[in-house]
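Visitor: I would like to go through the pockets and the core of this protein. Please show me the structure.
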Amino acid sequence: VYQLLTTRREHEEAQSIPNSGGGGYGGSDYPWMGALVYDGKVYDHIRFRARGGVWRYSMGKNMWKFDFNRGHRFGARDNSGDNYRAEWNKLNFSAIIQQGNFGQRGEQGLFEGAGFKNHNLAGSPAPLTHYVHFRIIENADEDGGPGASQFDTDFQGVYLAVEQLDGQFTDQHNLPDGYLWKIEGGNNQNPPNNQGSYLESSLPNGDVDDFIAGYKGTQSAAWWKDHLDVDGYYNFRSSVTWVHDGDITAGKNYFFYHNPETDKWQVVNWDLDLTWTTPYGGNATGGPLSGDVLSIPEFSLGMRNRVRELQDLLHNPEQQGMLLDDVAHWVYTPGENSMVDADRAMWDYNPILVSNKVNSSGHGRFNEGATSPARSFAGMVAKLKSYVTGRIGDMRSYYLNADESSIPRTPTVNYTGIAGFPIDDLSFTSSAFSSPRGASFAAQQWRIAEVTLPSDP
């Protein structure tokens, strides 16, 4: 539970939502101040602002961003209640309410929570997320006093906390302390979110402007190998397309990270709200570096191989179903009143959603087109699982059909050890190598995964 305490004057300024057509502070400074109470600790005199671009003040339920003071970083905990490896300088709240005009309201954090988790599981570093219950202390009575409605209490609903891309991000993800640049319009337009422990120009490939200018020209495979973490890019590109991140094709919503140990660049994702089943952004195969890197046959082949590997291991109904259920269960229990129900009671038909303060397309529009049970959080979980089945075919169409008929056939593996699977005497046999085009066997890779029985954890 997060609680924000502000003075009346400061609170009225912070909660003031201008007409959706214009007005309102849209910058990146922090004009408001308050105290945040979390986990028994008071973070006093912190600054905060609303988050977002074009839709910053248009959804009624604002997104928020908090800036903590030096020496008093935020001790966030994950969904399980465990402390993150690194404390946070900034705290991002996603309002998980969605733009009403897309008819996807009701996903309530699935898009971002499952999207970023897919990136991380695929080996593409991305922000960690966790659900939060947020209250703003407005009155002496937390229920709003006599005559108050459900919309007048301190309760602000359920939000999703999103890890900031800064020096704490590199610590959390075991990355060397390197530069992190936010990219807008395909260019570097801001100071770095993390400067790193060295001067940007101290390594041959360390300057972000040089990297951007270089890849905008026609470059050889050797240049890319020298400047880009190519394998990491396959992970990023596969994940972007898998979660239908079409917004990234506008040259925004991503960072460039420079690894000072390898002297190579990586692309890191940011902002995944308009993804999955959102009817926006085409097929999401574009975006940073896609046409430049994947136009080279060697890298196109590497990309196809990685897409196939991820379809076997992660991008399939079994694994994605488990992943979606895992994200959902923190705020939803079938057959019981859950946090997502409390959030809906606060925001589905909040009076502000029919005022001139916001985009009126959002009032009461919940899970349009969701599969059974319709217009519910469970319906949105089911809708995303249905999306997964179709997306497998999309990925094949976008990346794999060019040589699908000529790749080696997938081998099968059989256990040939003694009964009981003794850990010191495991034995397996693979089927013979088979290639439709008569290629010779080159190598085989094995993976071993831990399996835990739900009945015997």
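**Pockets and core**

Guide: Among the 41 residues that line the second largest pocket, Arg49, Gly52, Lys182, Glu184 and Trp270 lie nearest its centre. The model is predicted, with local features needing pLDDT of at least 70 and side-chain atom pairs pLDDT 80 or more, while totals for chains, interfaces and linings use all residues. Residues are numbered from 1 along each chain as its sequence is written, and side-chain values use heavy atoms, leaving out hydrogens and water.

Visitor: What makes a space a pocket, and which residues count as lining?

Guide: On a 1 Å grid over the protein atoms alone, a pocket is an open set of points where a 1.4 Å probe fits, with protein on both sides within 12 Å along at least five of seven lines; lining residues have an atom within 4 Å of a point. Arg49 is one of the lining residues of the second largest pocket, so Arg49 has an atom within 4 Å of a point.

Visitor: What is the volume of the second largest pocket?

Guide: About 1,300 Å³, where a volume is the space filled by probe spheres set on the points, joined across faces, edges and corners.

Visitor: Why are Trp224 and Leu289 said to belong to a nonpolar core?

Guide: Such a core is a set of buried (under 20% relative accessible area, 1.4 Å probe, protein chains only) Ala, Val, Leu, Ile, Met, Phe, Trp, Tyr and Cys residues joined through side-chain atoms within 4.5 Å. Trp224 and Leu289 are among the 67 residues of the largest one, so both are buried. Apart from it lies another core, of 30 residues, including Tyr38 and Trp64.

Visitor: Which residues does Leu289 contact beyond four places in sequence?

Guide: Among them are Phe211, Trp224 and Phe256, contact meaning heavy atoms within 4.5 Å.

Note on methods
Buried means under 20% relative accessible area, exposed over 50%, partly exposed in between (1.4 Å probe, protein chains only).
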